[in-house]
Amino acid sequence: MNLLNEFFQKERSRVFEPDPHFPQRVMARLKEQAPVENGLWETILGSTRPVLALALTLVFALIGIHLWAPVQPARGMIESYFTSEVPADETFLYTGSEPAPSHDVLEQLMAPESDQ
Amino acid sequence: MNFDRELIVRAQAGDSVAQENLIRQFSPLVFRLISRYFRHREDVEDLAQEVFLKVFARIDQVRPDENFPGWLARVAVNACYDELRKTRRRKVAFETYGPSKVSEPVVMPTEPEELGKARRALESLDPKLRIPLVLKEVEDMSVEEIARTLGLTQTNVKVRLFRARKKLAATLGDLKKRK
């Protein structure tokens, strides 16, 4: 252990001292770093703003559409397409719902029964 | 250590004159601490610069009533620890995957052979054990100061000091036996 004590004793005297220009070198590195950091933050902030603005615009647009546009359309696409071309009597072919028979038709159907 | 606490407040506000004054005042302390672990002036200078860059990056965290030299010593010792770990990893990688013929260990030209052995034995210690041992034996710090600097409990520091001494004695004993 004497060897170690001697070694530690010697180590105490082994010290490097900073030279007089050391503070200036550190300050130069500090100044070098500063604009890079600012530049990075500026870039991040600059790129965030337009993205945020676009996102907000889209959100408001969706809210507007939801408020003003009707939730269910009054007529479906197929109905609105055929309305002008298909006569009322043939509608049941496309919609599946048979129209109520007119009074004359009912009379004709009932007549033979009464005659019998 | 006496110093103007106003310097820290001004440095926190970005005053470059105050920052330079802080570097001027505390660089000897930082150099002394780093010199305990690195033997080349260039390494010490590089690491000291890194320490001050870290210090000014986190200067906002320092309260004016805080023990600034203690905080600075903690940053410096942690920087040494990180660097020693990196160096150790590089050394292990070189020994494992490097060329088969390994060069002889470095012996300082003015260093007696026995002291060279002690130095090599100390350098072979894990930084976890080496750092507290050097702070105790060379820097003459108390266990309490070491614990505060390394952010450990006093018991933990005592355990590490015990293990470091044991390992060092074993390494030096092996060297003597080989001789």
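**Exercise 1. Ser27(B)**

Ser27(B) has a relative accessibility of 3%; decide whether it is buried or exposed, then find what it touches beyond its sequence neighbours.

*Ground rules.* We're working with a predicted model, where local features need pLDDT of at least 70, side-chain atom pairs count only at pLDDT 80 or more, and totals for chains, interfaces and linings use all residues. Residues are numbered from 1 along each chain as its sequence is written, chains are lettered from A and ligands numbered from 1 in the order in which they are written, and side-chain values use heavy atoms, with hydrogens and water left out.

*Solution.*
- Cut-offs first: buried means under 20% relative accessible area, exposed over 50%, and partly exposed in between (1.4 Å probe, protein chains only).
- At 3%, Ser27(B) is therefore buried.
- Ser27(B) sits in helix α2 of chain B. Helices here are DSSP runs (H or I, at least four residues), strands are E runs of at least two, and both are numbered from the N terminus.
- A contact is a pair of heavy atoms within 4.5 Å. Skipping residues up to four places away in sequence, Ser27(B) touches Pro18(A), Phe22(A) and Phe52(B).

**Exercise 2. Leu33(B)**

Place Leu33(B) in its helix and list its contacts outside the sequence neighbourhood.

*Solution.*
- Leu33(B) belongs to helix α2 of chain B, residues 16-35.
- A relative accessible area of 1% makes Leu33(B) buried.
- With neighbours within four places left out, Leu33(B) is in contact with Ala73(B), Ala76(B), Val77(B), Leu135(B) and Glu139(B).
- Now try a distance: Leu33(B) and Cys80(B) are 47 residues apart in sequence, and their C-alpha atoms are 8.7 Å apart.

**Exercise 3. Salt bridges**

How many salt bridges does the structure hold over all chains? Go on to sort a few of them by where their partners sit, starting with Arg39(B) and Glu11(A).

*Solution.*
- The criterion is a side-chain nitrogen of Lys or Arg within 4 Å of a carboxyl oxygen of Asp or Glu. Side chains of opposite charge can pair when their charged atoms come close.
- The structure's total over all chains is 14 salt bridges.
- Between chains: Arg39(B) pairs with Glu11(A), with 3.3 Å between the closest N and O atoms. That takes us from the loop between α2 and α3 (41-57) of chain B to helix α1 (residues 2-13) of chain A. Glu11(A) is buried at 5% relative accessible area.
- Within a helix: Arg24(B) and Glu20(B) form a salt bridge, closest N and O atoms 3.0 Å apart. Both lie in α2 of chain B, four residues apart, or about one turn of the helix. Arg24(B) is partly exposed at 40%, and Glu20(B) is partly exposed at 22%.
- Another one: Glu83(B) and Lys86(B) meet at 3.7 Å, N to O. About one helical turn separates them, because they are three residues apart in helix α4 (residues 68-97) of chain B. Glu83(B), at 22%, is partly exposed, and Lys86(B), at 39%, is too.
- A network: salt bridges link Asp19(A), Arg25(A), Arg41(B) and Glu45(B).

**Exercise 4. Helix packing across chains**

Classify how α1(A) and α5(B) pack, given an angle of about 85°.

*Solution.*
- Two packed helices are described by the angle between their axes and the distance between the axes.
- Axes are lines fitted to C-alpha atoms, for helices over the stretch in contact, and angles run from 0 to 180 degrees between N-to-C directions.
- Helix α5 of chain B covers residues 113-123, and its axis is 9 Å from that of α1(A).
- Under 35 degrees counts as roughly parallel, over 145 as roughly antiparallel, 65 to 115 as roughly perpendicular, and the rest as oblique. α1(A) and α5(B) are therefore roughly perpendicular.
- Residues meeting here include Phe7(A) and Phe8(A) from α1(A), and Leu115(B) and Leu122(B) from α5(B).

**Exercise 5. An unusual phi**

What is the phi of Asp140(B), and where does this residue sit?

*Solution.*
- Most residues other than glycine have a negative phi, and most peptide bonds are trans.
- Asp140(B) has a positive phi of about 60°, though it is not a glycine.
- Asp140(B) is in the loop between α6 (127-137) and α7 (143-150) of chain B, and it is exposed at 61%.

**Exercise 6. Chain B overall**

Summarise the secondary structure of chain B and its burial.

*Solution.*
- Chain B has eight helices and zero strands.
- Of its 179 residues, 42% are buried.
- Among contacts in chain B with a separation of 6 or more, 61% join residues 24 or more positions apart.
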